Amino acid sequence: MSTQGTVCCASYGKMAEHQEGDAGQLHQEDADKKGRGGSEMMEGTSEAGAGKTDTSVADEAVVVKSATAVTSPERHVSIQTSLKGLEMLVDLNGAGRKSCPLCPEEKFKACYSHKLQRHLQNLHWKVYVEFEGQKMCICHLPCRQLRSSLSGDQAGGRLVAHYHCAVCAVTIARKTDMVSHLKRHVNKGETEASFSGGADVTSEEQLPAGQAFQIMKELGTNVQLMPNHTTPQKTDTFFNRKMKANRQLVFCSLAVLAEERNPLECLDAFGATGIMGLQWAKHLRGSVKVTINDINESCVKMIKENCHLNHVRVEGGKRPGDAQGDGDTPIAAVEVVKMDANVIMHLRPFDYIHLDPFGTAVNYLDAAFRNVRHSGIVSVTSTDTGSLYCKNVNVTVRHYSCQIVRTEYYKELAARMVLASVARAAGRCNKGIEVLLCVAVEHFVLVVVRVLRGPTQADESAKKLRQLVHCQWCEERVFLRPGSMVEESLYKQLPCRCHGSMPGKTAVVLGPLWSGPLFNTGFLRRMLVAAVQHSMEDLQPLLKTLICEADCTTFKSFTSTNSPGLANQVECGVLIKTLQKVDEADSSDHAGKRKSGEEGGNVLKRLKPETLLEHPAFYYSVHRHSMRGMNMPKLNKFLQSANEAGFRVSRTHFDPTGVRTDATLEQFKAVLTKYSVAPASASHAPIKEETGRVD
């Protein structure tokens with residue numbers, strides 16, 4: 001056994017003896033240890049100040065070590081963040097035979113580096129359990145032993161492969177049991193140990209009630225988080241770290257609108273911790289007037305505390321310098337309101353409104369479009385994936401008034417269903433929408449629309465609400481043409497021939513759905529510029545994919561901030577001249593044109609919608625339509641081949657194996673079949689099938 005493995009076994013041997021009970025008892029013991037952590041730290045400090053003898057120094061080391069184990073437990077060697085970290089436990093570049101750090105000598109003998117590297121990757125790393133960035137690999141060390149019998153004999157038990165929990169260090173044999181064990185930690189809010197090695201956490205303090213909170217930093221903004229902030233059923237100040245991409249997309253869309261006109265009056269209708277509104281105020285400063293709203297009293301208090309933490313002045317309250325006594329001047333100001341979201345949107349007009357409730361947002365759409373200003377933006381985040389992804393059909397009909405089935409393009413189907421609800425809500429207020437952005441990743445659907453006042457715009461948006469004809473055999477789909485209400489004409493509109501060759505009803509009618517475009521290239525390009533300016537490296541690949549998907553092309557060149565192409569952007573029929581190039585753009589205008597009198601305003605000019613080239617609707621999955629027994633080509637090679645065949649093709653962010661194209665399903669399959677190759681052993685496959693099959 002290696003030296004490092006021996007040390008780990010010695011450190012966790014005693015722990016495994018006390019952790020063979022059920023999970024509830026282990027959680028209780030862990031909570032008792034954390035409760036005694038503060039007293040042990042005080043004892044360690046007093047003993048350290050008593051003297052500097054050898055005995056006192058040794059006692060101090062013991063106390064400090066025990067206190068450290070309580071506040072931030074030492075990670076087991078089987079818990080790593082990457083495969084490289086697991087391989088670094090052994091010097092693979094050195095000469096000679098080496099032992100596995102996670103296996104005893106009798107199970108895996110010492111071998112050379114290339115064999116040990118395959119062993120670590122295939123046995124330990126391949127079956128890890130992930131929890132908040134930590135990978136818990138399988139461990140074969142004698143940390144956990146099963147008793148040989150229940151009679152109480154002293155015979156040694158056999159070694160059992162197990163996992164070490166990243167939160168409480170308990171050892172669990174089965175992978176499914178470890179997943180359930182981690183879910184219980186999340187439900188109880190006992191995940192503070194997983195934050196000890198995170199880069200986002202900056203400090204940890206103590207509340208007066210005795211409950212510790214953490215301070216997390218995102219995009220230069222600090223927020224206080226309760227230990228159970230990830231469970232909305234247990235806390236009012238809910239915060240989801242996985243929604244970072246959503247917050248960045250909303251921020252970039254607001255930054256683009258702030259270039260057109262300022263100052264903007266923007267509203268975060270559901271503040272929770274207030275991190276989104278604080279990011280707006282800290283980075284956009286005087287360009288925006290931020291209002292953070294929440295109906296919960298505890299959330300409002302937490303938002304105000306986070307404002308003081310970020311040196312942001314709360315309008316109507318004290319300055320952060322007055323409260324803390326440091327004399328710092330606030331860098332921005334926000335307004336914190338305790339009110340129902342529907343009430344505040346009915347009372348006051350806004351230029352930018354963001355809706356992110358827990359679940360569906362259909363209950364707040366009417367109020368959002370009531371007082372939003374002309375050419376303003378409304379962004380809606382929906383997290384009710386159960387009804388959006390056709391898991392609860394009754395809830396889908398009740399909330400969105402749409403009939404849907406589970407399809408291969410279900411994510412885009414959900415996005416168009418949300419847009420249909422947004423368009424209907426805007427139409428009831430005599431307003432129309434033009435879609436700027438639509439994203440469905442992870443567990444949320446985000447839509448960003450520009451609001452255009454007037455009944456004419458409302459009628460144009462209502463015309464884009466159409467039903468979809470979907471073939472249940474081949475999953476071909478096409479939007480129903482207006483006036484086609486006879487059932488026999490449905491099959492004629494589908495380009496496939498499944499109705500003539502298959503018995504029964506092969507097509508169903510879905511919707512009504514939004515049939516217009518989902519993206520705007522000009523707006524996405526400006527969002528990419530904002531992401532580069534504010535150092536959002538994680539968001540830039542997604543925005544580049546969206547730009548290629550909006551144009552339905554495979555090759556795209558991204559212009560820099562000083563490119564002349566950014567001066568005039570066509571966004572959903574609106575010619576927008578940005579602040580950087582407004583002087584150059586105004587020089588080319590005619591003398592009789594009226595220009596905006598505001599200092600930071602832009603010139604908006606309506607263009608004909610025919611000048612815009614819409615991207616094709618929906619996408620096809622390469623794996624879904626590949627031929628059985630054939631090796632399909634690489635996705636990039638297939639995109640290039642389809643482009644050479646005369647079709648518009650691009651990747652899609654909805655599905656990593658999906659291809660957005662204007663070709664029909666029959667044409668798509670023809671190109672896929674043409675460039676698919678038979679495997680090398682294809683000539684022997686029929687012989688094996690004839691001689692090997694016994695049924």
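Strand E9 (residues 264-268) runs parallel to strand E13, and three bridges join the two. Strands here are DSSP runs of E with at least two residues, helices are runs of H or I with at least four, and both are numbered from the N terminus. Two strands count as paired if DSSP finds at least two bridges between them. This is a predicted model, where local features need pLDDT of at least 70, side-chain atom pairs count only at pLDDT 80 or more, and totals for chains, interfaces and linings use all residues. Residues are numbered from 1 along each chain as its sequence is written, and side-chain values use heavy atoms, leaving out hydrogens and water.

Let's stay with E13 for a moment. Its residue Tyr352 stands opposite Cys266, and Tyr352 also has Ile377 in E14 as a bridge partner. Five bridges join E13 to E14 (residues 372-382), again in parallel. Six of the six residues of E13 (residues 350-355) are buried (under 20% relative accessible area, 1.4 Å probe, protein chains only), so this strand is largely enclosed by the rest of the structure.

Now look further along the chain. Here three strands form an open antiparallel sheet in the order E18-E17-E19. E18 (477-479) and E19 (507-514) are at the edges with a single partner strand each, so one side of each has no neighbour in the sheet. Three bridges join E17 (residues 465-471) to E18, and Val469 has Val478 in E18 as its bridge partner. Helix H16 (residues 410-428) packs on this sheet, touching E17, E18 and E19, where contact means heavy atoms within 4.5 Å.

Technical notes
Axes are lines fitted to C-alpha atoms, for helices over the stretch in contact, and angles run from 0 to 180 degrees between N-to-C directions. Buried means under 20% relative accessible area, exposed over 50%, partly exposed in between (1.4 Å probe, protein chains only).
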